[in-house]
Amino acid sequence: MSFKIDGGLFKYDFVDHHAVLCVPVDASAGEVRKRYLKIARRLHPDSAAVIKSHEKEIATELLSKLVNPAYEKLSLERNRAEYTLILSQIGKRLAQEPVEVVLTTEAAKQLAIAPNMELLYQQELAKIAEIQFVDLQQTPLFIAQISELNLVYLMRRAGRLMTTPQSIKASGTSSTLPPPPPPPPTPKTDAVVEQYLRRAQTLIENEQFAQAIVEIQDALKLAPKNSHCHSWMAMIYLRQNQLKMAKIYFENALKLDPNDKLALEWKPKLDKVLENQSGTHQGRKPANNGDTQPDKSRNGGLFGGLFGGKKK
């Protein structure tokens with residue numbers, strides 16, 4: 001079985017090992033190892049996550065042909081240093097040569113013009129990492145999407161100023177005006193987004209977080225400025241105890257709608273938890289006020305009662 005990946009850096013006959021593992025291009029050896037172990041557990045033939053015979057075959061091929069070689073290349077300091085140098089040179093070359101790089105994914109187009117490139121890059125990688133190996137037949141597609149993000153990130157880090165999310169011109173200018181902003185969501189779009197959110201909430205209740213993320217990502221493709229989508233994405237990360245990612249999405253929700261009820265309710269609680277954790281890490285004993293650690297119980301604590309009432 002062969003995996004055809006033709007997006008991002010792969011289009012230039014370069015094997016993007018960072019995209020295979022979904023780690024940043026400047027990831028440390030520790031980050032690479034942590035991500036590799038998580039993927040390896042998911043793809044192991046005896047993994048409970050891989051139960052169908054055809055999935056076992058795909059998992060084995062992914063592990064042997066893509067994941068293991070990527071880890072071998074990035075785990076050793078010498079190999080990783082040489083490899084990242086080549087990456088940097090590719091980014092500089094593409095930023096300087098008179099060629100046009102057409103972007104195919106919305107995330108890469110947004111990264112091309114984002115004022116806070118580093119934050120958006122990390123956010124997008126974190127999103128894809130959650131679902132990269134959920135549907136193994138879709139994994140090569142996700143790898144291509146990650147590689148396109150890496151391509152844009154490298155070019156921007158090399159000094160390329162990008163003025164349009166549609167394509168990157170090596171001259172640094174665009175022959176066309178930036179596209180007009182998208183029209184506001186129509187009632188039909190709102191209804192579809194609401195369906196995605198309802199399905200996501202049901203999945204969250206059943207602790208099927210990876211599938212819930214997919215639902216909300218689909219909703220965000222239709223309505224990227226819908227604050228409810230951002231606040232519910234935050235709730236998924238909160239339920240998984242990924243507090244920093246939850247904070248980012250709550251902040252996004254409140255930027256889009258300062259009156260978003262879910263974000264207003266949960267962000268202060270999250271901030272208090274993060275503050276107490278920070279105090280603990282710095283050697284200070286957190287205050288024992290009964291709300292210092294997130295309790296992932298469905299019956300009480302930080303999450304108690306949230307999903308039992310009427311869905312928002």
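**One face of a helix, a nonpolar core and paired charges**

In helix α5 (residues 106–113) of this predicted model, the residues A108, K109, L111 and A112 are buried. Seen down the axis of α5, these buried residues fall within an arc of 160°, so they line one face of the helix. What do the buried residues of α5 pack against? Their partners are α6 (117–131) and α7.

Helix α5 belongs to a protein with 12 helices and 2 strands. Following the sequence from start to end, these elements appear in the pattern α-α-α-α-β-α-α-α-β-α-α-α-α-α. The protein has 312 residues, of which 47% count as buried. Its exposed surface comes to about 16600 Å², and carbon and sulfur atoms supply 53% of that area. Contacts across the sequence can also be examined. Among contacts between residues at least 6 apart in sequence, 64% join residues that are at least 24 apart.

The interior can be followed through the largest nonpolar core, which contains 89 residues. Which of its residues touch the most other members? They are L43, V67 and I216. Helix α7 (residues 139–157) gives the most to this core, contributing 10 residues. A look at V67 shows what such contacts involve. With its neighbours within four places in sequence left aside, V67 is in contact with V20, L21, Y36, I39, L43, L62 and F133. One of these partners, L43, is itself named with V67 among the residues that touch the most other core members.

Charged side chains add another part to the picture. Side chains of opposite charge can pair when their charged atoms come close. The structure holds 9 salt bridges, and three of them are described here.

In one salt bridge, R80 pairs with E77, and the closest N and O atoms are 2.3 Å apart. Why can these two residues be described as one helical turn apart? R80 and E77 both lie in helix α4 (residues 77–96), and because they are 3 residues apart there, about one helical turn separates them. The two partners have contrasting surroundings: R80 is buried, with a relative accessible area of 8%, whereas E77 is exposed, with a relative accessible area of 53%.

Another salt bridge brings together the side chains of E215 and R199, at 3.0 Å from N to O. This pair links distant parts of the chain, since E215 sits in helix α9 (residues 209–222) and R199 in helix α8 (residues 187–205), 16 residues apart. Is E215 buried or exposed? At 17% relative accessibility, E215 counts as buried, while R199, at 38%, counts as partly exposed.

A further salt bridge joins K267 and D271, with 2.8 Å between the closest N and O atoms. Both residues belong to helix α12 (residues 261–281), and because they are 4 residues apart, K267 and D271 are separated by about one helical turn. K267 counts as buried at 15% relative accessibility, and D271 is partly exposed, with a relative accessible area of 25%. The pair is also part of a wider arrangement: salt bridges that share partners join K247, E251, K267 and D271 into one network.

How values were computed: Residues are numbered from 1 along each chain as its sequence is written. This is a predicted model: local features need pLDDT of at least 70, side-chain atom pairs count only at pLDDT 80 or more; totals for chains, interfaces and linings use all residues. Side-chain values use heavy atoms; hydrogens and water are left out. A nonpolar core is a set of buried Ala, Val, Leu, Ile, Met, Phe, Trp, Tyr and Cys residues joined through side-chain atoms within 4.5 Å. Buried means under 20% relative accessible area, exposed over 50%, partly exposed in between (1.4 Å probe, protein chains only). Contact means heavy atoms within 4.5 Å. A salt bridge is a side-chain nitrogen of Lys or Arg within 4 Å of a carboxyl oxygen of Asp or Glu. The arc is that of the directions from the helix axis to the C-beta atoms. Accessible areas come from the Shrake-Rupley method with a 1.4 Å probe; for residues, only the protein chains shown count as cover.
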